[in-house]
Amino acid sequence: MNAESLQAGEQLVSAAYIRQGREARRGHEQLIRVLLEKGKCPQDAWDESTIELFLQELAVMDSNNFLGNCGVGEREGRVACGLVARRHYRLIHGIGRSGDISAVQPKAAGSSLLNKLTNSLMLDVLRTTGVRTATSCFVVPMATGMSLTLCFLTLRHKRPKAKYIIWPRIDQKSCFKSMITAGFEPVVIENILEGDELRTDLNAVESKIRELGAETVLCVHSTTSCFAPRVPDRLEELAEICAKYDIPHIVNNAYGLQSSKCMHLIQQGARRGRIDAFVQSLDKNFMVPVGGAVVAGFDSSFLEEISKMYPGRASASPSLDVLITLLSLGSSGYKTLLTERKELFTYLANELKALAAKHNERLLDTPHNPISMAMSLKNLSDKGGSAITQLGSMLFTRQVSGARVVPLGTSQTVSGYVFKGFMSHSNDYPCAYLNAASAIGIKKQDIDLFIKRLDKCLKQCKKEKDVEDAASGTPSAIEEDVTALTKDFTVSLQVDAV
């Protein structure tokens with residue numbers, strides 16, 4: 001209520017009580033005013049009543065919520081079901097206009113304000129998490145793969161002769177298909193094995209640029225967040241190569257925003273060379289429903305070109321979800337989640353390392369991957385590939401989600417391209433393995449339960465394989481050890497006799 005309404009209320013309720021209520025409301029309004037003035041994520045979390053008040057204030061600014069509104073167009077924010085309207089806080093018009101996803105809608109001042117504010121808060125988060133010199137970003141209502149496609153399509157107009165995208169291999173379908181969907185030919189650069197890690201082959205990247213000709217290369221498409229033993233690309237060196245040959249550089253930072261290491265790589269790449277845009281998922285980094293991403297970069301004009309490439313208006317749901325989440329957490333709450341994730345990464349690594357030793361396996365040494373890790377499954381794979389896939393099925397039926405088992409020798413065709421050793425990011429990685437990750441929102445009890453269930457599954461797999469070996473006449477591990485000891489003892493007796 002405004003001042004006049006409150007004054008009128010004093011005729012019905014004691015003026016002292018009205019003043020008390022007015023002061024309480026001013027507390028909410030002060031938070032909203034500071035948010036709009038600064039355009040930054042608030043330090044402290046907002047309570048739900050303040051968030052709901054703010055969203056209601058935004059909604060009444062949209063034409064579909066005007067009292068006495070007379071709509072005679074084809075898009076008037078009409079919603080048949082009240083449940084749907086309440087789900088969206090009656091912010092129905094979406095964001096953007098037909099020519100620009102970031103443009104202001106005349107019919108929807110509240111939704112437009114929400115859109116601009118969300119982008120401003122997101123830029124603040126990107127800077128505080130490590131990419132300090134980012135100049136612009138916008139939330140797009142598409143997941144990471146399609147958002148990457150949008151970036152590639154924008155570059156098409158800048159490089160009309162280009163038909164190739166150079167892509168250090170990562171076995172994840174959506175980022176590969178993002179290039180195919182945009183109409184370009186991916187040039188897959190195989191990784192090189194350094195210890196247990198799969199790392200970027202910089203020589204192969206530069207050699208391929210010279211072979212194809214820089215003008216035919218749309219961009220280099222690199223990756224930060226990935227499943228171990230693949231580790232983040234050498235972003236700084238790739239950025240320098242892109243600057244050297246004047247080739248754009250797009251970074252798939254799908255769930256890297258939650259990692260200070262990944263964000264540092266992007267910042268350093270932009271400082272030392274060239275990074276045109278980097279794309280990250282909303283659901284993976286902010287724990288909101290799937291369907292949104294953030295496109296960010298260091299050149300505001302290029303980011304504006306990307307936003308104008310999006311055809312038509314867009315759903316405001318991803319922007320609304322992440323705005324509510326950031327206000328409910330505050331920057332301090334989000335930073336706490338990032339700190340917890342990093343601490344639990346160490347805890348998960350230690351627990352998985354101990355379990356691996358118990359089963360005569362080992363935690364692969366992948367120090368350059370700050371989110372994902374892998375445990376070898378050599379003993380299971382030695383007994384046949386079916387045991388590896390069986391382990392994956394056992395974990396899934398025991399409600400362990402997110403863990404991946406990667407057998408040897410799997411091939412898969414994706415959009416006409418055959419990947420040998422698919423899921424392992426390499427044609428011939430030395431061993432089968434199991435992936436686990438410490439991502440934002442994970443809890444210690446998740447890790448403890450995972451380790452307990454994995455231990456039981458490994459024991460059961462070993463027991464079943466020993467039974468199979470006995471039935472087939474193949475010596476079990478224990479029998480092999482006894483045979484070896486007997487042989488050594490016999491040789492020792494022979495030597496003594498001589």
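Q: Where does Tyr17 sit?
A: Tyr17 has its place in helix α2, residues 15-38, where helices are DSSP runs of H or I with at least four residues, strands are E runs of at least two, and both are numbered from the N terminus. This is a predicted model, in which local features need pLDDT of at least 70, side-chain atom pairs count only at pLDDT 80 or more, and totals for chains, interfaces and linings use all residues. Residues are numbered from 1 along each chain as its sequence is written, and side-chain values use heavy atoms, with hydrogens and water left out.

Q: And is Tyr17 buried or exposed?
A: Tyr17 is exposed, because its relative accessible area is 55%; exposed means over 50%, buried under 20% and partly exposed in between, with a 1.4 Å probe and protein chains only.

Q: Which residues make the nonpolar surface patch with Tyr17?
A: Leu12 and Val13 join Tyr17 in a nonpolar surface patch of about 370 Å². Patches take residues with over 30% relative accessible area and no salt bridge, joining nonpolar side chains (Val, Leu, Ile, Met, Phe, Trp, Tyr) within 5 Å and like charges within 9 Å. A salt bridge here is a side-chain nitrogen of Lys or Arg within 4 Å of a carboxyl oxygen of Asp or Glu, and the areas come from the Shrake-Rupley method with a 1.4 Å probe, only the protein chains shown counting as cover for residues.

Q: Zooming out, how many helices and strands are there in the protein chain?
A: The protein chain has 17 helices and 14 strands, and its C-alpha trace spans about 115 × 60 × 40 Å along the principal axes. Of its 498 residues, 50% count as buried, while the accessible surface comes to about 23600 Å², with 54% of that belonging to carbon and sulfur atoms.

Q: What share of the contacts is between residues 24 or more positions apart?
A: Among contacts with a separation of 6 or more, 72% come from residues 24 or more positions apart, a contact being heavy atoms within 4.5 Å.

Q: Back to helices: what should α5 span, and what are its end C-alpha atoms apart by?
A: Helix α5 covers residues 109-128, and because a residue adds 1.5 Å, its 20 residues should span 28 Å, in agreement with the 29 Å between its end C-alpha atoms. The expected span is 1.5 Å times one less than the number of residues. Of the 20 residues in α5, 14 are buried, and just after the helix Gly130 takes a positive phi of about 140°.

Q: What about Ser102, in the loop between α4 and α5: buried or exposed?
A: Ser102, whose loop runs between α4 (82-87) and α5, is buried, with a relative accessible area of 15%. Setting aside neighbours within four places in sequence, Ser102 is in contact with Gly96, Asn115, Lys116, Asn119, Phe138 and Ser307.

Q: Phe138 is in β1, right? Which way do the residues of β1 point?
A: In β1, Phe138 points one way together with Ser136 and Val140, whereas Cys137 and Val139 point the other way, and all are buried. In a regular strand, side chains alternate between the two faces of the sheet.

Q: Which strand is joined to β1?
A: Strand β9, residues 293-297, runs antiparallel to β1 and is joined to it by five bridges, with Val295 as the bridge partner of Phe138; two strands pair if DSSP finds at least two bridges between them.

Q: Switching topic, where is Ile371 found, and what does it touch?
A: Ile371 is found in the loop between α13 (317-358) and β10 (372-376) and is buried, with a relative accessible area of 1%. Not counting residues up to four places away in sequence, Ile371 touches Tyr255, Gln258, Ser259, Arg341, Phe345, Ala436, Ala437 and Ser438. Phe345 is 26 residues apart from Ile371 in sequence, with 6.9 Å between their C-alpha atoms.

Q: Last one, on backbone geometry: which residues does the cis peptide bond join?
A: The cis peptide bond joins Ala228 and Pro229, with omega of about 10°, and Pro229 has its place in the loop between β6 (217-223) and α9 (235-245).

Q: What is the phi of Met287, and of Ser415?
A: Met287, a residue other than glycine, has a positive phi near 55° and lies in the loop between α11 (282-286) and β9. Ser415, also not a glycine, has a positive phi of about 50° and lies in the loop between β12 (411-414) and β13 (417-420). Met287 is partly exposed at 42% relative accessible area, and Ser415 is partly exposed at 43%.
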